[in-house]
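Trainee: I am new to this structure. Please pick a single part and take me through it closely, along with what surrounds it.

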Amino acid sequence: MFHSAALKLTFWYLAIVMSLSICFSAIIYHFADNELAQNTRRQDYFFNSELPSPDFRNYTQLRKQQLAASESHLKADFVVFNLMVLVSGGIASYALARRTLRPIEESHEHQKRFASDASHELRTPLTAMQTEIEVALRNKKLNMDSARKLLGSNLEEVAKLRSLAESLLSLDNQDSLEPDSPVSLKDLVRVAKERLAKAAELKNIAIETDVKACLVKGDEKSLTELVSILLDNAIKYSPKKSTVSITGGKRGKGGFLKVVDQGQGIAQAELPHIFDRFYRADPSRNKSKAEGYGLGLSIARKIVEAHKGHIEVSSVVGSGSTFTIFLPGA
Ligand code: ADP
C-alpha cells in the first residue's frame, strides 16, 4: 500500500520538477535562439557593406547553415539536460516520497499493532466467558450454586474488560490534554493515596508520604491518574507487609515526585520496555499474580510527556523500584 503511495507521490514530485525544468528550458532556448538570430543579423548587416555581392551570398548561405546547426545543438543540449533532470529528479523524488511517507507509515504500523494487541487482550476474557457459558448451558443439571459461580466468574471477566476499555480510552485522551492550571503535588498524592488505600490495606502495605508544598503546571485529573498508576504498581508488585514511600517537592523550576517500593523489582533488560503499550515485564508472573494489561506505564508516560516533564525509573531485582517524575512549575 505504501509502495504504491510512494510511487504516486514520486510521480507528482517528478511532474512538478519536470514541468519547471521544461518551462525554464523553453524560456532559455527562446532567449538563446533570439540572441543567435540577432548576432547573425548584426554580422549580416556588417558583411553586407564589406563584402562583394557573390561572396556575401555565399557567406549568408554559410551563416544560415551555422545558425541551423547551432539551433539543433541547443535543442539537443536541452533534451539531454531534461533527460538528466528526469533521471536524477526521479531518484530524488522517490527518496523524498519515501521520506515523506515514513512517519505516516510508522504511525500506521503503530496503529495496526495497537489494534491487534488490543483485540488480543479483549479476546482473552471474552473467550473465557464464552467457554464458561457454553459449558454451563450444556450441563442439564445446572443448579443455582453453579449458576451463581458462573455469574461471579463472568462478572470478574466483565470487570477486566471494563478496566481495559477505560485504560484504552485514557491512553487516547492524553493526546488532547491542555495542562496549564497550577496543581499542588500534596493534593495529588493525597487523592491517589485515598484511591489506593483499600488495595494497600488488603496487602497490609504502609504508604508513607513526605511531600513538600509545590505547585506544578498541569491537568489535575491526569496528574492524579499518573500518581495513582505509580502507586498502584508499587502496591501490586510489592510483597505483603512492606512499605511504599512517596516523597516530593521543588526541584529546579518545577517539582518532583518519587515513588519507592520494596517490591520484586524489574530486571535491567526489561527497564527500557516497561513504558511500551501492553508490555508486561514477566508475562507468566504478572498474568497470574497481578492483573494488568501493561498499559499503566504507557499512560503514565503519555501524561508526563503531555506536561513536558519526564519520568525516570531505577530498580534492583528483589529489593524494589523507584519511579521519579519531574514536572514543570506553575
Ligand atoms: P501492568 O498493568 O501490567 O502493571 P504497567 O504498564 O503499569 O502494566 O507496567 C508494565 C510492567 O512493568 C508490569 O507488568 C510490571 O512487570 C513492571 N512494573 C511496573 N511497575 C513496577 C513496580 N513498581 N515494581 C515491579 N515491576 C513493575
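A helix and its surroundings

Mentor: Let's enter through one residue: Val-183 is in contact (heavy atoms within 4.5 Å) with Leu-188, Cys-214, Leu-215, Val-216, Gly-218, Asp-219, Glu-220 and Leu-223, leaving aside its neighbours within four places in sequence. What you see is a predicted model, in which local features need pLDDT of at least 70 and side-chain atom pairs count only at pLDDT 80 or more, while totals for chains, interfaces and linings use all residues. Residues are numbered from 1 along each chain as its sequence is written, and side-chain values use heavy atoms, with hydrogens and water left out.

Val-183 sits in strand β1, residues 181-184. Helices (H or I, at least four residues) and strands (E, at least two) are DSSP runs, numbered from the N terminus. Val-183 counts as buried because its relative accessibility is 2%; buried means under 20% relative accessible area, exposed over 50%, and partly exposed in between, with a 1.4 Å probe and protein chains only. Gly-296 is 113 residues away from Val-183 in sequence, and their C-alpha atoms are 22 Å apart in space.

Two of the contacts of Val-183, Glu-220 and Leu-223, bring us to the part I would like you to study: helix α5, residues 220-236. Its first neighbour on our tour is helix α4, residues 185-202. The two axes come within 8 Å and cross at roughly 40 degrees. Axes here are lines fitted to C-alpha atoms, for helices over the stretch in contact, and angles run from 0 to 180 degrees between N-to-C directions. That angle makes α4 oblique to α5, since angles under 35 degrees count as roughly parallel, over 145 as roughly antiparallel, 65 to 115 as roughly perpendicular and the rest as oblique. The crossing of α4 and α5 is right-handed: a crossing is left-handed if the near helix is turned anticlockwise from the far one by less than a right angle, and right-handed if clockwise.

On the α4 side, the residues that meet α5 include Leu-188, Val-191, Arg-195 and Ala-199. Their counterparts in α5 include Glu-220, Leu-223, Val-227 and Leu-231. By class, the contact of α4 with α5 holds eleven nonpolar, two polar and six charged residues. Here Ala, Val, Leu, Ile, Met, Phe, Trp, Tyr, Cys and Pro count as nonpolar, Asp, Glu, Lys and Arg as charged, and the others, Gly among them, as polar.

Now turn to helix α7, residues 296-306. Its axis and that of α5 come within 9 Å and cross at roughly 145 degrees, and this crossing is left-handed. From α5, Ser-222, Leu-223, Glu-225, Leu-226, Ile-229, Leu-230 and Asn-233 take part, meeting Gly-296, Leu-297, Ile-299, Ala-300, Ile-303 and Val-304 of α7. Nine nonpolar, three polar and one charged residues make up the contact of α5 with α7. In α7, the buried residues are Leu-297, Ser-298, Ile-299, Ala-300, Ile-303 and Val-304; their cover includes α3 (144-173), α5, β6 and β7. Lys-308, with a positive phi near 60 degrees, follows α7.

A sheet completes the picture. α5 lies across β2, β4 (243-251), β5 (254-260), β6 and β7, running at about 170 degrees to β7. These five strands form an open sheet of mixed pairing, in the order β2-β4-β5-β7-β6; two strands pair if DSSP finds at least two bridges between them. At the edges stand β2 (206-211) and β6, each pairing on one side only. On average, neighbouring strands of this sheet are turned by 10 degrees against each other, direction ignored.

Follow the pairing strand by strand. β4 and β5 are antiparallel over seven bridges, one of them linking Lys-250 with Gly-255. They form a hairpin with two residues in between, and Gly-252 in that turn has a positive phi of about 60 degrees. β5 is mostly covered, with five of its seven residues buried, and six bridges join β5 to the antiparallel β7. Leu-257 stands opposite Ile-325 in β7. β7 (320-327) is also joined to β6 (310-316) by seven antiparallel bridges; Val-313 has Phe-323 as its bridge partner in β7.

Finally, look at the loop between α5 and β4, where Lys-241 lies. Lys-241 has a positive phi near 60 degrees, although not a glycine, and counts as exposed because its relative accessibility is 68%.
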